[in-house]
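Reader: Hello! I am new to this structure and would love a close look at one part of it. Could you pick a buried aromatic residue and walk me outward from there?

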Amino acid sequence: MSLSRFPTDFLWGAATSSYQIEGAWNEDGRGESIWDRFSRQPGAIKDGSNGDVACDHYHRWRDDIAIMKQLGLQVYRFSIAWPRILPNGRGAVNQKGLKFYSDLVDELLANDIVPFATLYHWDLPQTLQDEGGWAVRSTAEAFVEYVDVVTSALGGRVKQWITHNEPWCASILGYQNGEHAPGLQDWPSALAASHHLLLSHGWAVDVIRRNSPGAQVGITLNLTPAEPASSSQHDQEATRHFDGFFNRWFLDPIYGRGYPADMVADYAAAGRLPGGMAFVQAGDLETIAAATDFLGINYYSRAVLRNSQVPEADNEPRSVFQAPENEWTEMGWEVYADGLYQLLIRVQADYNPANIYITENGASYSDGPNGDGKVHDHRRIQYLHDHLVACERAIQAGVKLGGYFAWSLMDNFEWGWGYKQRFGMVWVDYETQQRVPKESAHWYSRVIAHNTVQPV
Ligand code: FCB
C-alpha cells in the first residue's frame, strides 16, 4: 500500500446536487422542474418517493456547511436549480432563488470552502420540457440565458464552474430508456438532446468567461471503461459500440473531433437517426469544442461486454453485460478501482484535457447507526481507499489530476431509486433530518488533513 502525499494544491471535496438534497420544491417562487413532474408518475421512483423534502437542505444549509467545515472539506460541489432562478425557464428572474445561492456561496467562502458550482444537474424547468426539452434547440438557447443570469450574480465569487453534469444520463436515461425525467423512450429525441446539451455547454463557456473573469470552466461526464467479456470478435465489437455510445459520443466532440463516425453509422443503421444528423448546424462542432480548463469525470464502475446477438462458442447465457465475479455495491455496480486508473490513463492519452477533476466517486451501502450511535460503513471506506490509491497511481503515471470529490456529502434522493440507496458519508435520518457523519466521513477527514490516503 502506498502512502505518498498528493500534490500540495490537490483539492479535496464532496459533491451534491440541488434536486437530490434541497427539498422546498415549491417555496420562494421556485418553478416546477421535470423531476417534480416525473417523480409523481406512478412507478417512476422505486420507493414511490420524490424530492419535495429530500434532505431539507434549503432550510438547513448553514448546518450542512458547518458539517463540511468540521470534516475539513476544501471544496464543495453543488448544483444550482434552474427553476429557482428562472421559474419559467427564461424571462422573469426570481430574486429569492438567486439569494439562496448567493448566501450559500458567502457562507462557504466565510468558512474557507471553495464553491464549485454545477449549472445543470438535471432539474430542467417543466415549462421548457413542455416545448420539447433538450430535444429542441431553443432549450439550449434558454440555458445560455439562465447561465448569464447566474454567472452575472455569482461570477465574482464563484470561480469554478461546471456547465453540465453527465449529458449521457440527461439525454439517454431521460429520452431513450425512460428511467429519468422526462421519462421518454425515443432514440431520435435522445440523440438530438445529447447534441443540444453539448451545444449549450459550448455557448455557456463564453458567457461564463465573460461574467466570471479568471474562472475555471469545464463539463462533467460519467465515463465507464468498457472491456470485452472474451477475446471473440463479437464481444470486441460490442465493446467498441458501448465505448462509442457511452464515452466517445461526448468526449470526441468536446475535444474537437466531431461525433464518432462509427457511431453515426451504427445509429443510422439501427434507424435511430431518421433525419440524419440534421440537428448539427453550421458552426456547432466548433462551439462544442470550446477550450475548457478541466474535464470533470464521474467514475463508479466498469462495463464488461458480451454481444447479446451472437451465441458464444462456450454456450454461456447471452447478455449485454457479463457479470464478473467481484464485489457489488447495493446499486448492483461492480467495485472495480483499477477501472478508474485505466480510465484516467486513457483520457489523458487520448484527449489530453488541461486538467482533470474526479467530480464524483462513491458507493451505495445502507449501513446505518448501530448501538453506539456510529455508522460503521467499512465497505465505503474500502471503496474510497481503493479508488484514491488508483488516483494516486494515475498521478504518478503523469495524469494531470487536480482534485477529488466524494459522492456524496450526505445520503440523498437517488433519482429513480428514491431514498433506499445511500451514497452519503453523512447519514441522514429522513424522519428527523438528523445528520450523523459516518466512519467514512471521519476517515476522509483524515485523508484531507494528511493529504495522503489513510490505511483502512
Ligand atoms: C451520478 C449522478 C449523481 C448520483 C450518482 C450516484 O450519475 O450524477 O447525481 O446520482 O450518480
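**A buried tryptophan and its surroundings**

Author: Let's start with Trp122, which has a relative accessible area of 5% and so counts as buried, the cut-off being under 20%. Please keep in mind that the model is a predicted one. Trp122 sits in the loop that links strand 3 (114-120) to helix 6 (126-130). Its backbone deserves a look as well: phi is near 90°, a positive value in a residue that is not glycine.

Trp122 also has aromatic company. Together with Tyr19, Trp35, Phe38, Phe413, Trp415, Tyr419 and Tyr430, Trp122 makes up one aromatic cluster.

Where else does a non-glycine residue have a positive phi? Asn451 is one such place, with phi at about 50°. Asn451 belongs to the segment that follows helix 15 (439-450). With a relative accessible area of 7%, Asn451 is buried, because that value lies under 20%.

Now back to strand 3, the strand before the loop of Trp122. On the way from helix 5 to strand 3 there is another loop, and Ile113 is found in it. Ile113 is buried, since its relative accessible area is 1%. What does Ile113 touch, once its neighbours within four places in sequence are set aside? The contacts are Ile65, Met68, Lys69, Leu73, Gln74, Val75, Tyr76 and Leu108. For Val75, the C-alpha atoms lie 5.0 Å apart in space, although Val75 and Ile113 are 38 residues apart in sequence.

Helix 5 brings us back to aromatic rings. A pair of aromatic rings is described by how far apart the centres are and by the angle between the planes. How many aromatic pairs are there by the rule used here? The count comes to 45. One of them joins Trp61 and Phe100, with 6.4 Å from centre to centre and 90° between the planes, an edge-to-face arrangement. Trp61 is part of helix 3 (residues 57-71) and Phe100 is part of helix 5, so this pair ties together parts that are 39 residues apart in sequence. Trp61 is buried, because its relative accessibility is 10%. Phe100 is buried too, its relative accessible area being 6%.

Trp249 and Tyr267 give a second edge-to-face example, with 5.1 Å between the centres and 80° between the planes. Here Trp249 comes from helix 10 (residues 233-254) and Tyr267 from helix 11 (residues 261-269), so the pair ties together parts 18 residues apart in sequence. Both of these residues are buried.

Just before helix 5 there is one more loop to visit. Asn94 lies in this loop, between helix 4 (82-85) and helix 5 (95-110). At a relative accessible area of 13%, Asn94 is buried, as this is under the 20% limit. Leaving out residues up to four places away in sequence, Asn94 touches Asp28, Gly29, Arg30, Arg84, Ile85 and Pro87.

Arg84 makes a handy stepping stone, as it is also touched by Glu27. Is Glu27 buried or partly exposed? Glu27 is partly exposed, because its relative accessibility is 29%. Glu27 sits in the loop between helix 1 (18-21) and helix 2 (34-39). Besides Arg84, Glu27 touches Tyr58 and His59, again not counting residues up to four places away in sequence. From Glu27 to Tyr58 the step is 31 residues in sequence and 9.4 Å in space, C-alpha to C-alpha.

The backbone has two further points to show you. A cis peptide bond links Ala181 to Pro182, with omega about 5°, and Pro182 lies in the loop between helix 8 (167-175) and helix 9. Another cis peptide bond links Trp407 to Ser408, with omega about 10°. Ser408 lies in the loop between strand 10 (401-407) and strand 11 (426-429).

Finally, follow the chain from Pro182 into helix 9. The axes of helix 7 (residues 137-154) and helix 9 (residues 187-211) come within 9 Å and cross at roughly 25°. That angle is under 35 degrees, and the two helices are therefore roughly parallel to each other. Their crossing is right-handed. Residues that make the contact include Phe143, Val144 and Val147 of helix 7, and Leu199, Trp203 and Val207 of helix 9. In full, the contact residues divide into 9 nonpolar, 6 polar and 4 charged.

Definitions and conventions: Residues are numbered from 1 along each chain as its sequence is written. This is a predicted model: local features need pLDDT of at least 70, side-chain atom pairs count only at pLDDT 80 or more; totals for chains, interfaces and linings use all residues. Side-chain values use heavy atoms; hydrogens and water are left out. Axes are lines fitted to C-alpha atoms, for helices over the stretch in contact, and angles run from 0 to 180 degrees between N-to-C directions. Helices (H or I, at least four residues) and strands (E, at least two) are DSSP runs, numbered from the N terminus. Angles under 35 degrees count as roughly parallel, over 145 as roughly antiparallel, 65 to 115 as roughly perpendicular and the rest as oblique. A crossing is left-handed if the near helix is turned anticlockwise from the far one by less than a right angle, and right-handed if clockwise. Contact means heavy atoms within 4.5 Å. Ala, Val, Leu, Ile, Met, Phe, Trp, Tyr, Cys and Pro count as nonpolar, Asp, Glu, Lys and Arg as charged, and the others, Gly among them, as polar. Buried means under 20% relative accessible area, exposed over 50%, partly exposed in between (1.4 Å probe, protein chains only). Rings of Phe, Tyr and Trp (its six-membered ring) pair if their centres lie within 6.5 Å; planes under 30 degrees apart count as stacked, over 60 as edge-to-face and the rest as tilted.
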